[in-house]
Amino acid sequence: MCGIAGYIGREIISKRRMDHCLSVMDRRGPDGTGTYSHSFGKDRHVCLLHSRLSIIDLDMRSAQPFKIGQDILTFNGELYNYKELSKSLEQNGFNPKTESDTEILLAQLSINGMESIDACEGMWAFAKYNERSGELILCRDRFGEKPLYIYDNGQGIFFASEVKFITALSGREFKADITHIQRFLVNGYKSLYKSGKCFYEDITELSPASFMRIDTAGQKNIKSYWKPQFTPNETMTYEEAVSTTREKLINSVKLRLRADVPLAFCMSGGVDSNSLISIAKKELNYDVHGFTIVSKDARYAEEELVNEVKKTLGVKHTAIPLCTDGFLEGMRNLVRYHDAPIYTISYYVHGLLMKAIAGNGYKVSISGTAADEIFSGYYDHYSLHIAQMYIENAKHGLYEETLKNWERHIKPIVRNPVLQDPLVFVNNENERTHIYLNNDVFAQFLKDDFSEEFSEQKYCADTMRSRMLNELCYEAIPVILHEDDMNAMYRSIENRSPFLDRNLVDFCNTIPTRHLIRDGYNKKVLRDAMKGIVPDSIIECRRKVGFNASILELLDVKNKAVREQLLDDSPIFDVIKKEKIERLLQEETLSNSYSKFLFSFLSCKMFLEE
């Protein structure tokens, strides 16, 4: 895991600017830096920058930018199957000089071409330059685990892991995109990655699962190399779904335990993180150390379940209690580093987790990101599943049973008013107001009119699976991965997500929808795949919590000094009506959507001030 930055174009980037850029890349790579410069013809200049966080092959021989022949690579991420690819390359005459995944990635691409990226399993954002052709290739992993921002000023193209690196390398300050701030405030975080915009004007991100070729004339060509698709195998039995999931998830965890430094685990009381922890401990004999946020709010408290896992598996464990002390200062520091508002309060909490992991000497963390999106984990998935079973009832006869299970197990715990109707998608498969809940109300907080209707990609006729793919590619996972990456790198930690394994995700997209939810349990395939590995109490728990907290648990709005900070002069009040926030702060309690809005306001306020 590292930081990368670079440029290709007519300008010669000065050493002063490169040194300045490297100095702001230090959190992503505190273990070393490197630069590479080259001129192709009279008016084509390239520079590649790298800051290193040493995880695999800690020797200086693996420092970057890395060169093989006339190919040079600066790479952020990990190639998990580098040992398997190395064997294949060696059989064809390649003789590696290091034990690093960096060398194997560059060799794979240099020898077999960019099309061979499909054989790679990992997370990455990289730039590969060829001195002979003058061509630069930028590439991002399938799910967008690693960021890659781009700025084209007409004379050349700057790219980097973070916006602040582009600012340092280009010498240009970028203005906040006020429309994107309005979008976030009104429609929430699930709207952020649908427009192709980010929180700065003139800055874009390279799309996941794509690469961009930049030729000697500066022409850009972008190509996608992978796309998830729902292609159900209707003959697949439930038992086959369970056994293959078990096999593929164990293999994914095994690959992601490859490191020359110890790893830590983000730990909640849920089935997602505990599947990974239990596999590592029981199946792979890894010395697990789990880290958990401890909340006093009963809605988010999981201490009892966590303690049972700790006792049953015998894992090391560190608990991090929530408190209001230092919240506003901590938020501001995170916002400043993220180059963006913090998207949800969960990621302030996640930042505390990363701080504790780093404080215990770890350089890698493992998280349960994406289990919800590939196995079904949200409350609307239950209602979408009911609608799909209604459609398939003549074939499988599961509708009545599915509806009864919802009434018994889900009705008592679902809070979203739209989803309290189990037939909401039976009656209208296009109902989506639960996603941008109360956005019409929040639009009234803005000084200028803003309205943007909900939109989604139509991946397939199965509405539930199409929704899950939208969450995976546009709504939930891009948000989570951005926050995971920035929080981890703020503490010089690499974050790994075993559920985002290409082979696992592709397989999950062949599991028939009827298998995903059973007996009122979401993620039923995952739960049964983990039987005998994960403690039964975790598998049988229906509560969905995750890393979360109430804003009122962290922000004492009754404290006069706190209220003054929230309402002091700020650029945010050019966007939002101050009197509406004053009234909101007077409320004794806040519903979930209003609590989220208050956090978004605070986050955007700090972003515009910074």
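**Note on Glu-205 and the five-stranded sheet**

1. A polar contact of 3.3 Å joins the side chain of Glu-205 to that of Arg-140, and this note starts from that pair in what is a predicted model. Arg-140 also appears among the residues that Glu-205 contacts once its neighbours within four places in sequence are set aside, a list that further includes Pro-147, Leu-148, Tyr-149 and Tyr-193.

2. As to its setting, Glu-205 belongs to strand E10, which covers residues 204–205. Glu-205 counts as partly exposed because its relative accessibility is 22%, where the buried class would require a value under 20%. Between Glu-205 and Tyr-390 the separation is 185 residues in sequence, and their C-alpha atoms lie 40 Å apart in space.

3. Elsewhere, an open sheet is built from 5 strands in the order E15-E14-E13-E16-E17, and their pairing is parallel. Strand E15 (316–321) and strand E17 (494–496) each have a single partner strand, so that at these edges one side of each is left without a neighbour in the sheet. On average, and with direction ignored, neighbouring strands of this sheet are turned by 30° against each other.

4. Within the sheet, strand E13, formed by residues 263–266, and strand E14, formed by residues 289–294, pair in the parallel sense over 2 bridges. In this region Phe-265 stands opposite Gly-290, a residue of E14.

5. Strand E13 also has a helix lying across it, since helix H7 (residues 271–283) lies across both E13 and strand E16 (364–366). The direction of H7 is at about 145° to that of E13.

Note on methods:
Residues are numbered from 1 along each chain as its sequence is written. This is a predicted model: local features need pLDDT of at least 70, side-chain atom pairs count only at pLDDT 80 or more; totals for chains, interfaces and linings use all residues. Side-chain values use heavy atoms; hydrogens and water are left out. Helices (H or I, at least four residues) and strands (E, at least two) are DSSP runs, numbered from the N terminus. Buried means under 20% relative accessible area, exposed over 50%, partly exposed in between (1.4 Å probe, protein chains only). Contact means heavy atoms within 4.5 Å. A polar contact is a pair of N or O atoms within 3.5 Å; within protein, one must be able to donate a hydrogen and the other to accept it, and residues adjacent in sequence count only if both atoms are side-chain atoms. Two strands pair if DSSP finds at least two bridges between them. Axes are lines fitted to C-alpha atoms, for helices over the stretch in contact, and angles run from 0 to 180 degrees between N-to-C directions.
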